[in-house]
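Work through the following exercises with the sequence and the model side by side, and try each task before reading its solution.

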Amino acid sequence: MKFTELKNFIAQGGGGIFLLQGEDAYFLHNAEKMIKNAYLQMPELNFTSFDGETLKGGAISRLTDALSAFPFMAEKRVVKVTGFYPTEQDYEKYLKPFFSAFPETAVLVIVNAQAKKGAADLRRKAGICYVDCGKADEEEVTRWIYLTLKRSGVAADAEVCMNIARYCLCDMSRVSIETQKIIEYKGGCGTLTVQEADELVYKDSDYRIYEMTNAVAAGNHSRFYEIADELISRGMDGMSVMNSMLSYFRNLSTAANSRLSDAELSKLLGMKEFVVKRSREQAKRLGVARTERLCSAIYSAIASVKCGELTQDSAYRLVCSQIFFG
């Protein structure tokens, strides 16, 4: 199930063994918190945590013993394991028999930031409730923002919520902070406008590079320099801006030329799927040939700085002029 489905699952009486797996720290932290709030009483007596690295072979009995212990003056005992990657052999020998008769008085929470090669795939094992804590896509984040604002008394249309998600690059840790900031600013009432969201939400530097690329495609000189000046005012120098642009244009070129699907390419580049889709759209607007020429021009300018042929400032200005007039 998705993180957003966990609350209803618990409310409907679901429980037992939870596997929280994914790279989104916000989802991992809040899923664990949600489970504890639902099942844990007197944590000083009914909560135990283990480092998964210490539970190998016969040492797994420490985990099963903790789960078998009866809770003190409570209905449940909660046991957490972080980074738990048992082998298939260990799972079959020590865990499968125990999980098949899992005690009703226990709740096991396994927190894994990622899957591990060679380990048993706990997501597919009987009796384990897998909660996907991976990075959410743009649609999921937009829906989360909309519902969170609505529950707090703030109305916002889909466009505004989507802008917030994009400004934060769908990073839920940042999204949650920015959403709470908006709720406090609005005082839990009223309607959030596009302009308010634009002024209130801190835009990620990568998103600003994306906006710069849009300005290039639109031939909007003033917008391009406005964003570039803002990045430099945040502490980036000309070299950093050029490196960011080079990385971005390279991704555009790769996205435009690759025959892989959006999902396959997102895994290859370590990008979200919606970012890959958007990159392909941007490359189409710019033109693949122009995108590749800009990559070459920026790379050449960076190389000239490293060779001592140009200063950072002159190289940066040269790149800006080539982008619009080259």
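**Exercise 1.** Which residues do ring pairs link into a cluster?

Solution. The model is a predicted one, and in it ring pairs join Phe3, Tyr26, Phe27 and Trp144 into a cluster. As background to this cluster, the structure as a whole holds twelve aromatic pairs.

**Exercise 2.** Classify the pair formed by phenylalanine 3 and tyrosine 26, and work out which parts of the chain the pair ties together.

Solution. Begin with the general point that a pair of aromatic rings is described by the distance of the centres and the angle of the planes. For phenylalanine 3 and tyrosine 26, the ring centres are 6.3 Å apart and the planes stand at 65 degrees; since planes over 60 degrees apart count as edge-to-face, the pair is edge-to-face. Next, place the two residues: phenylalanine 3 belongs to helix H1 (residues 3-11) and tyrosine 26 to helix H2 (residues 25-39), so the pair ties together parts that are 23 residues apart in sequence.

**Exercise 3.** Are phenylalanine 3 and tyrosine 26 buried or exposed?

Solution. The cut-off needed here is that buried means under 20% relative accessible area. Phenylalanine 3 has 8% relative accessibility and therefore counts as buried. Tyrosine 26 has 15% relative accessibility, so tyrosine 26 counts as buried too. For the whole protein chain, buried residues make up 46% of the 326 residues.

**Exercise 4.** Find the strands that pair with strand E3 (residues 77-82), and describe the units that E3 forms with helices.

Solution. Consider E3 itself, which is mostly covered, with five of its six residues buried. Then take strand E2 (residues 47-51), which pairs with E3 in the parallel sense over five bridges; within this pairing, threonine 48 has valine 79 of E3 as its bridge partner. Helix H4 (residues 60-68) joins the picture here, as E2, H4 and E3 make a right-handed β-α-β unit. Now turn to strand E4 (residues 106-112), which runs parallel to E3 and is joined to E3 by six bridges, and where valine 109 is the bridge partner of lysine 80. A right-handed β-α-β unit is also made by E3, helix H5 (residues 88-100) and E4.

**Exercise 5.** What is the order of the strands in the open sheet, and which are its edge strands?

Solution. The open sheet has five strands in the order E2-E3-E4-E1-E5, with parallel pairing. Its edge strands are E2 and strand E5 (128-132), each of which pairs on one side only. On average, and with direction ignored, neighbouring strands of this sheet are turned by 20 degrees against each other. At the E5 end, five bridges join E5 to strand E1 (residues 17-21), and the two run parallel; phenylalanine 18 has cysteine 129 in E5 as its bridge partner. Finally, add the helices: H1 packs on the sheet, where H1 touches E1 and E5 and its direction makes about 140 degrees with that of E5, while H2 packs on the sheet with contacts to E1, E2, E3 and E4, its direction making about 160 degrees with that of E1.

**Exercise 6.** Where does the charged end of lysine 203 sit, and over the face of which residue does arginine 123 lie?

Solution. The charged end of lysine 203 sits over the ring of tyrosine 167, at 4.5 Å from the ring centre. Arginine 123 lies over the face of tyrosine 130, where the distance from the ring centre is 5.8 Å.

Technical notes: Residues are numbered from 1 along each chain as its sequence is written. This is a predicted model: local features need pLDDT of at least 70, side-chain atom pairs count only at pLDDT 80 or more; totals for chains, interfaces and linings use all residues. Side-chain values use heavy atoms; hydrogens and water are left out. Rings of Phe, Tyr and Trp (its six-membered ring) pair if their centres lie within 6.5 Å; planes under 30 degrees apart count as stacked, over 60 as edge-to-face and the rest as tilted. Helices (H or I, at least four residues) and strands (E, at least two) are DSSP runs, numbered from the N terminus. Buried means under 20% relative accessible area, exposed over 50%, partly exposed in between (1.4 Å probe, protein chains only). A charge sits over a ring if NZ of Lys or CZ of Arg is within 6 Å of the ring centre and within 35 degrees of the ring normal. Two strands pair if DSSP finds at least two bridges between them. A crossover is right-handed if, with the strands pointing away from the viewer, the path from the first strand over the helix to the second runs clockwise. Axes are lines fitted to C-alpha atoms, for helices over the stretch in contact, and angles run from 0 to 180 degrees between N-to-C directions. Contact means heavy atoms within 4.5 Å.
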